[in-house]
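Please look over the sequence and the structure shown below, and keep both at hand while reading. The paragraphs that follow lead from one pair of residues outward to the sheets, the helices and the open space between them.

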Amino acid sequence: MLEASCGVWTPEAVRTLDRTATSAFGISGYELMTRAGETVFAAASARWPDAHSWVVLCGAGNNGGDGYVVARLARRAGRDVRVCALADPSRLTGDAATAWRDFAAEGAALVPLEPQVLAGAELVVDAILGIGLARPVTGATRTAIEAVNAAQRPVVAVDIPSGLDATSGLPSGVAIHADLTVTFVGRKLGLYLGEGPAHTGQVQFADLGIPPTVVEHAGLSGQARLCLFTADELPRLLPRR
């Protein structure tokens, strides 16, 4: 289905696609989280094969859960991984809590986010905030995002750069400047509108193995807000006059 392969969606529509993957195809939330983490790890390893020292920043929701999966996989692969939690992991719930427990069960520890931690990073994984952001970024989270931007280290964003509004593409006060953004299930409007392209770097999409018929099952056929086309398709779409 063309819409599934090229559609750009609102955050609400992406959440519906996510829920439908579970209800219609029996893919558990934690399985999707694991696939997301595997995809980010593979993409980051391919883009920065020589990066040995990774700093993973994990927030309070499922985006943070994805980060814990990435950290576990990177650690298993022999990377020097430092994980900074911007929210108490003992208060995580659902799939994110499972991801934290699986990470912690392997004996890994958390470190505070301090300037020397970012200074020594060869790669930063941004798993702080996801597409559910509904208010300006403040407090410790804003401080962390500003520190990452100031450190000028290579950054891979998990699903969306933290602080970027997933609908408008405008920073919610402040947003991560990523070099690579790996986004899942459905492309988000905010990655392509407003200031989104200035924050995402290269955007890599992964359907996480969800069949393209998820759009029909979710009742979203014809509801993609935009459709992306590749350079190879331009001669057909814009023929010579």
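Begin with a single pair of residues: Val 156 stands opposite Leu 180, which belongs to strand 6. The model in which this pair is found is a predicted one, so each statement below describes a prediction. The two strands concerned, strand 5 and strand 6, pair in the parallel sense, and three bridges link them. A further pair can be found along these strands, since Val 158 stands opposite Val 182 in strand 6.

Which way do the residues of strand 5 point? Strand 5 covers residues 155-158, with Val 155 and Ala 157 pointing one way while Val 156 and Val 158 point the other way, and all of them are buried. Strand 6, which covers residues 180-184, is mostly covered as well, with five of its five residues buried. On one side of strand 6 are Leu 180, Val 182 and Phe 184, on the other are Thr 181 and Thr 183, and with all of these buried, both faces of the strand are covered.

From here the reader can move outward in both directions. Strand 4, made of residues 123-127, runs parallel to strand 5 and is joined to it by three bridges; Val 124, for instance, has Val 155 of strand 5 as its bridge partner. On the other hand, strand 6 pairs in the parallel sense with strand 8, residues 202-206, and here there are five bridges. Within that pairing, Thr 181 stands opposite Val 203 of strand 8.

These pairings belong to one open sheet of six strands, which come in the order 3-2-4-5-6-8 with parallel pairing. Strand 3 (80-85) and strand 8 stand at the edges of this sheet, and because each has a single partner strand, one side of each is left without a neighbour in the sheet. On average, and with direction ignored, neighbouring strands of this sheet are turned by 20° against each other.

A helix can now be added to the picture. Helix 4 (62-76) lies across strand 2 (53-58), strand 3, strand 4, strand 5 and strand 6, and runs at about 160° to strand 2. One of the residues in helix 4 is Ala 74. Is Ala 74 buried or exposed? Its relative accessibility is 0%, and because buried means under 20% relative accessible area, Ala 74 counts as buried. If neighbours within four places in sequence are left aside, Ala 74 is in contact with Phe 41, Trp 54, Arg 79 and Val 81. Ala 74 can also be compared with Ser 45: the two are 29 residues apart in sequence, while their C-alpha atoms are 8.9 Å apart in space.

A second sheet deserves the same careful reading. Three strands form this open sheet, in the order 7-1-9, and the pairing is mixed. Strand 7 (187-188) and strand 9 stand at its edges, each with a single partner strand, so that one side of each has no neighbour in the sheet. Strand 1, residues 7-9, pairs with strand 9 in the antiparallel sense over two bridges, and in this pairing Val 8 stands opposite Leu 226. Across strand 1 and strand 7 lies helix 2, which runs at about 105° to strand 1.

Leu 226 itself lies in strand 9, which consists of residues 226-227. Leu 226 is partly exposed, because its relative accessible area is 33%, and partly exposed residues are those between the limits of 20% and 50%. Not counting residues up to four places away in sequence, Leu 226 touches Cys 6, Gly 7, Val 8, Leu 189 and Leu 193. Gly 209 is 17 residues from Leu 226 in sequence, and the two are 22 Å apart in space, C-alpha to C-alpha.

What remains is the open space. How much space lies in the largest pocket? The largest pocket holds about 870 Å³. It is lined by 32 residues, of which Asn 62, Asn 63, Gly 130, Ile 131 and Gly 132 are the closest to its centre. Helix 2 (11-25), helix 3 (29-47) and helix 4 are the elements that give two or more residues to this lining, and helix 2 gives the most, with five residues. Sorted by class, the lining has 15 nonpolar, nine polar and eight charged residues.

Note on methods:
Residues are numbered from 1 along each chain as its sequence is written. This is a predicted model: local features need pLDDT of at least 70, side-chain atom pairs count only at pLDDT 80 or more; totals for chains, interfaces and linings use all residues. Side-chain values use heavy atoms; hydrogens and water are left out. On a 1 Å grid over the protein atoms alone, a cavity is a set of points where a 1.4 Å probe fits but cannot get out, and a pocket is an open set with protein on both sides within 12 Å along at least five of seven lines; lining residues have an atom within 4 Å of a point. Grid points are joined across faces, edges and corners, and a volume is the space filled by probe spheres set on the points. Helices (H or I, at least four residues) and strands (E, at least two) are DSSP runs, numbered from the N terminus. Ala, Val, Leu, Ile, Met, Phe, Trp, Tyr, Cys and Pro count as nonpolar, Asp, Glu, Lys and Arg as charged, and the others, Gly among them, as polar. Buried means under 20% relative accessible area, exposed over 50%, partly exposed in between (1.4 Å probe, protein chains only). Contact means heavy atoms within 4.5 Å. Two strands pair if DSSP finds at least two bridges between them. Axes are lines fitted to C-alpha atoms, for helices over the stretch in contact, and angles run from 0 to 180 degrees between N-to-C directions.
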